[in-house]
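Subject: A structure for you to look through

Dear colleague,

I am handing over a structure that I have gone through, and I would be glad if you read these notes with it open beside you. The terms are explained as they come up.

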Amino acid sequence: MSGENDTDESSVGISLDELPTEDPLKAEEEAALRRINAFKDKKKFEQLQAQDVRARQLAGLPPELKLRQMSKVFEFDKREPRYELLALYLLPLIIKYASLYDELMKYMLRQRSEVNFLLDMLVSVLGHAAPILHYAELLVVFLFFVKPPLRSTPLRFIINFEGIDLPQRLRIKSTDLHQIRRIKWSQIHSVQLNTDYLDALELFDLKGDSLGMLRWDLWKKDKVAFEKITSQYIGEKHPLRKFLLENG
C-alpha cells in the first residue's frame with residue numbers, strides 16, 4: 001500500500017485550472033486582423049497624403065517657374081532686436097539733434113597739423129557727410145527698411161515645397177541646433193497644441209511619435225501668412241490643414 005501511495009503522490013498531472021482558457025488559433029487570427037487593419041490604415045493615410053495640391057500648383061508651368069516654385073522657402077519666427085544695429089542706425093539722429101557734429105568738427109580742426117594726414121582725411125570725409133545729416137530721419141528709415149535690426153531665433157521653423165525644418169523640442173529662449181530636423185508633409189499624421197513652454201503645434205507621425213514643434217506664439221499676420229502658404233502645399237484633408245481650419 002505504501003508503494004502505491006508513493007506512486008500516486010509523485011505522479012505528475014495537469015489540473016483543469018492549468019489548462020489554457022483562450023483559443024491560440026483565435027488569438028493568432030486577431031493579431032493577423034490587427035496587422036491587416038494597420039496596413040490598410042497606413043495605405044489609406046499614404047493615399048490621402050498623396051492627394052495634395054502641389055501637383056496642381058505646378059501643372060502647366062514652364063520648367064523655370066516650376067523650379068522657382070519648388071525652391072521657395074518661408075521662415076516663421078518671432079525675431080528679436082539686434083541692439084547693436086539699432087544703436088548704429090540711430091547714430092545719425094543722435095549726432096544731428098545733440099549738435100555733436102559741430103562740436104566734433106571744431107575739435108578736430110583745432111587738432112589738425114600738416115603732418116597728421118589721417119586726421120586731415122577724416123575731417124574731409126566728415127565735411128562731406130554734413131549734408132547727409134540734414135536727412136538723418138530719411139536715412140534711418142531707409143536703413144530700417146533695407147535691413148531691419150532684427151535677428152532670427154533658434155525657435156524658428158522653415159517651410160518649403162517638400163516639408164518643414166523644425167526643432168524637435170522648444171525651450172523658452174533657445175533650442176539645440178542639432179535638434180533641428182526636416183520632415184515631409186506626408187509624415188504628419190496628427191497635430192496637437194502644446195503649451196509646456198510656449199504655444200506650439202506638435203506634429204506626430206503615423207505611430208504617434210513626435211516629429212517636432214512649430215512655435216505658435218506668432219503674430220496674427222504671420223499665422224495668416226502661414227495658413228495661406230501651406231494651402232499651396234497641402235490639401236484641406238491634411239491633418240495640419242484640418243487643424244488650422246478648425247482652430248483658426
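In which loop does Asp 205 lie? Asp 205 is found in the loop between S8 and strand S9 (210–215), where helices (H or I, at least four residues) and strands (E, at least two) are DSSP runs, numbered from the N terminus.

Before going on, please note that this is a predicted model, in which local features need pLDDT of at least 70 and side-chain atom pairs count only at pLDDT 80 or more, while totals for chains, interfaces and linings use all residues. Residues are numbered from 1 along each chain as its sequence is written, and side-chain values use heavy atoms, with hydrogens and water left out.

Asp 205 counts as buried because its relative accessible area is 18%, and the term buried means under 20% relative accessible area, with exposed meaning over 50% and partly exposed in between (1.4 Å probe, protein chains only). Asp 205 and Gln 187 are 18 residues apart along the chain, and their C-alpha atoms are separated by 5.6 Å. Gln 179, in the loop between S5 and S6, also counts as buried, because its relative accessibility is 18%. From the C-alpha of Gln 179 to that of Leu 166 the distance in space is 8.3 Å, and the two are 13 residues apart in sequence.

Next come the charged pairs. Side chains of opposite charge can pair when their charged atoms come close. The structure holds seven salt bridges, a salt bridge being a side-chain nitrogen of Lys or Arg within 4 Å of a carboxyl oxygen of Asp or Glu. One of them joins the side chains of Glu 75 and Arg 156, at 3.6 Å from N to O. This pair links distant parts of the chain, 81 residues apart, since Glu 75 is in strand S1 (residues 73–76) and Arg 156 is in the loop between strand S3 (150–151) and strand S4 (157–160). Glu 75 is partly exposed because its relative accessibility is 38%, and Arg 156 is partly exposed as well, with a relative accessible area of 30%.

Another salt bridge is formed by Glu 202 and Arg 169, whose closest N and O atoms are 3.0 Å apart. It too links distant parts of the chain, with Glu 202 in strand S8 (residues 200–204) and Arg 169 in the loop between strand S5 (163–167) and strand S6 (180–184), 33 residues apart. Is Glu 202 buried or exposed? Glu 202 counts as buried, because its relative accessibility is 8%, whereas Arg 169, at 29%, counts as partly exposed.

Arg 82, in the loop between strand S2 (80–81) and H5, forms a salt bridge with Glu 84, and the closest N and O atoms of this pair are 2.9 Å apart. Arg 82 is partly exposed, with a relative accessible area of 25%, and Glu 84 is partly exposed at 45% relative accessibility. The C-alpha atoms of Arg 82 and Arg 151 are separated by 6.3 Å, although these residues are 69 apart along the chain. In addition, Asp 77, Arg 215 and Asp 217 are linked in a network of salt bridges.

On the surface, Leu 88, Leu 90, Leu 91, Ile 94 and Phe 144 make a nonpolar patch of about 410 Å². Patches are made of residues with over 30% relative accessible area and no salt bridge, where like charges are joined within 9 Å and nonpolar side chains (Val, Leu, Ile, Met, Phe, Trp, Tyr) within 5 Å. Helix H5 (residues 83–97) gives the largest share of this patch, four residues. Leu 91 is in helix H5 and counts as partly exposed because its relative accessibility is 39%.

Finally, a search of the whole structure finds one cavity of 30 Å³ or more, a cavity being a set of points on a 1 Å grid where a 1.4 Å probe fits but cannot get out. Its volume is about 40 Å³, and among its lining residues (those with an atom within 4 Å of a point) are Arg 169, Asn 194, Tyr 197 and Met 213.

With best wishes

Terms used. On a 1 Å grid over the protein atoms alone, a cavity is a set of points where a 1.4 Å probe fits but cannot get out, and a pocket is an open set with protein on both sides within 12 Å along at least five of seven lines; lining residues have an atom within 4 Å of a point. Grid points are joined across faces, edges and corners, and a volume is the space filled by probe spheres set on the points. Accessible areas come from the Shrake-Rupley method with a 1.4 Å probe; for residues, only the protein chains shown count as cover.
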